[in-house]
Amino acid sequence: MRVAILGATGLLGRHAVAAAAAAGHDVVAIARNRDSLQRLRNAPLESRLASLDDREALRHALKNLDAVINCAGYYPTVPRPWRGEVETATRQMENFYAACAEQPLRKIVYLGGAIALRRHPAGEPGDETLDYPGEPPSTNPYVRVKWALDVQARAKAREGLPVVIGIPTMTFGEYDYGPTTGRLIVEIANRTLPGFVKGNRNVIYAGDAGRGLVRVCEQGRPGERYLLPGENFSMSELVTKIAQIAGAPVPRAIPIGIARVASALQTARYKWLKGPVPRVDATAIAVMSAGQFVNSAKARSELGFTATETLENAIKRALAWFRGNGYVKSN
């Protein structure tokens, strides 16, 4: 297939590009600016420019393709009211789906988030069937954005677009320029993490996640969700493993109530006193505390997908990349 990767220069986009090429597909890389495309200057593939804010550019970028994997979803980065964040995110994706609707695409992969799924009511590992009975009780902008985009993607599939949802879990690996999920590794290695909130997580190596997204594109059924899990770990186990590999002290656990108060105070300082962006991030608190172990049965049975890289190697790969690119200081 001729497959485009939108957001091809980010963490998951870069690995999806590599996985699609390795699977024998003709790959087109799409990014929002020429500077980021320079990261792919040595790759033997076609590149195109388009932003989710520019519907006309998306129309041109999605021409003459069989499928597209969208790794470029909106991510709230500073404290803002959640309704405005949801409006921005869904408007951008409306541009994307409208551009897709004008092309004879065989598959459209939306990159979903596990946090859009309700936690299993019996505390068992979560799966793709878990929906909220209404809206999520959380008003965290990240939670609300990922939930709204999941609802939107499934609505587009019901309308007839070949949209399928691939959901990698917490992802560590190279090319995390943000950094995004790798911020946890960077802050532990730099000894700047204020602490962590206890909870459960599933972690996957970015290379496995990219390979999983390509499997979703190849074999996933429109309208369906596919979790792409790695290994289940508690947050205590995860931060201890990162600290051991980085040669840093193990961060302390912070009660969730104290973390939320600290986050609220820092957010108020940011909004009203023009202070710094909060160090105790409400989104990070939500991700750490609201996570759950997940079940990989559907991806195994329908896609033949199983993650192969261990958590330890995923951390080592990500840490080496962060050190090589100046994100982690020498201690």
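In this predicted model, strand 8 and strand 10 pair in the antiparallel sense over 4 bridges, and one position along this pairing places Val203 opposite Glu231 of strand 10. The two strands belong to an open sheet of 3 strands, in which the order is 7-8-10 and the pairing is mixed. Strand 7 and strand 10 (231-234) stand at the edges of this sheet, and because each of them has a single partner strand, one side of each is left without a neighbour in the sheet. From one strand to the next, the twist averages 40°. Helix 12, which comprises residues 311-324, packs on the sheet and touches strand 7, strand 8 and strand 10, while its direction makes about 55° with that of strand 7.

A packing of two helices was also examined. The axes of helix 1 (residues 11-22) and helix 7 (residues 206-219) come within 7 Å and cross at roughly 60°. An angle under 35 degrees would count as roughly parallel and one of 65 to 115 as roughly perpendicular, and helix 1 and helix 7 are therefore described as oblique to each other. The crossing of these two helices, helix 1 and helix 7, is right-handed. On the side of helix 1, the contact is made by Leu11, Leu12, His15, Ala16, Ala19 and Ala20, whereas helix 7 contributes Ala206, Gly207, Ala209, Gly210, Arg211 and Val214. When the residues of this contact between helix 1 and helix 7 are sorted by class, 8 are nonpolar, 3 are polar and 1 is charged.

Burial was considered next, for helix 10 and for a single residue of helix 4. In helix 10 (residues 282-290), the buried residues are Thr283, Ile285, Ala286, Val287, Met288 and Ser289. These buried residues of helix 10 pack against several elements, namely helix 5 (141-158), strand 8, helix 8 (235-246) and helix 9 (256-272). Glu85, for its part, is located in helix 4, which spans residues 82-101. Its relative accessible area is 2%, and because a residue under 20% is classed as buried, Glu85 falls in the buried class. When residues up to four places away in sequence are not counted, Glu85 touches Tyr74, Pro76, Val78, Arg80, Pro141 and Val145.

Several loop residues show backbone features that deserve separate description. Asn64, which is placed in the loop between helix 3 (55-61) and strand 4 (67-70), has a phi near 60°, a positive value in a residue other than glycine. The relative accessibility of Asn64 is 63%, and the residue therefore counts as exposed, the cut-off for this class being over 50%. Arg191 likewise has a positive phi, of about 60°, although it is not a glycine, and Arg191 is found in the loop between helix 6 and strand 8 (200-205). With a relative accessible area of 48%, Arg191 is classed as partly exposed. A further feature of the backbone is the cis peptide bond that joins Gly178 and Pro179, for which omega is about -15°. Pro179 lies in the loop between strand 7 (170-172) and helix 6 (183-189).

Key
Residues numbered from 1 in each chain as written. Predicted model: local features only at pLDDT ≥ 70, side-chain atom pairs only at ≥ 80, totals over all residues. Heavy atoms only, no water. Buried < 20%, exposed > 50% of the residue type's maximum accessible area, 1.4 Å probe, protein only. Contact = heavy atoms within 4.5 Å. Pairing = 2+ DSSP bridges. Axes fitted to C-alpha atoms, helices over the stretch in contact; angles between N-to-C directions. Parallel < 35°, antiparallel > 145°, perpendicular 65-115°, else oblique. Left-handed = near helix turned anticlockwise from the far one by under 90°. Nonpolar A, V, L, I, M, F, W, Y, C, P; charged D, E, K, R; others polar.
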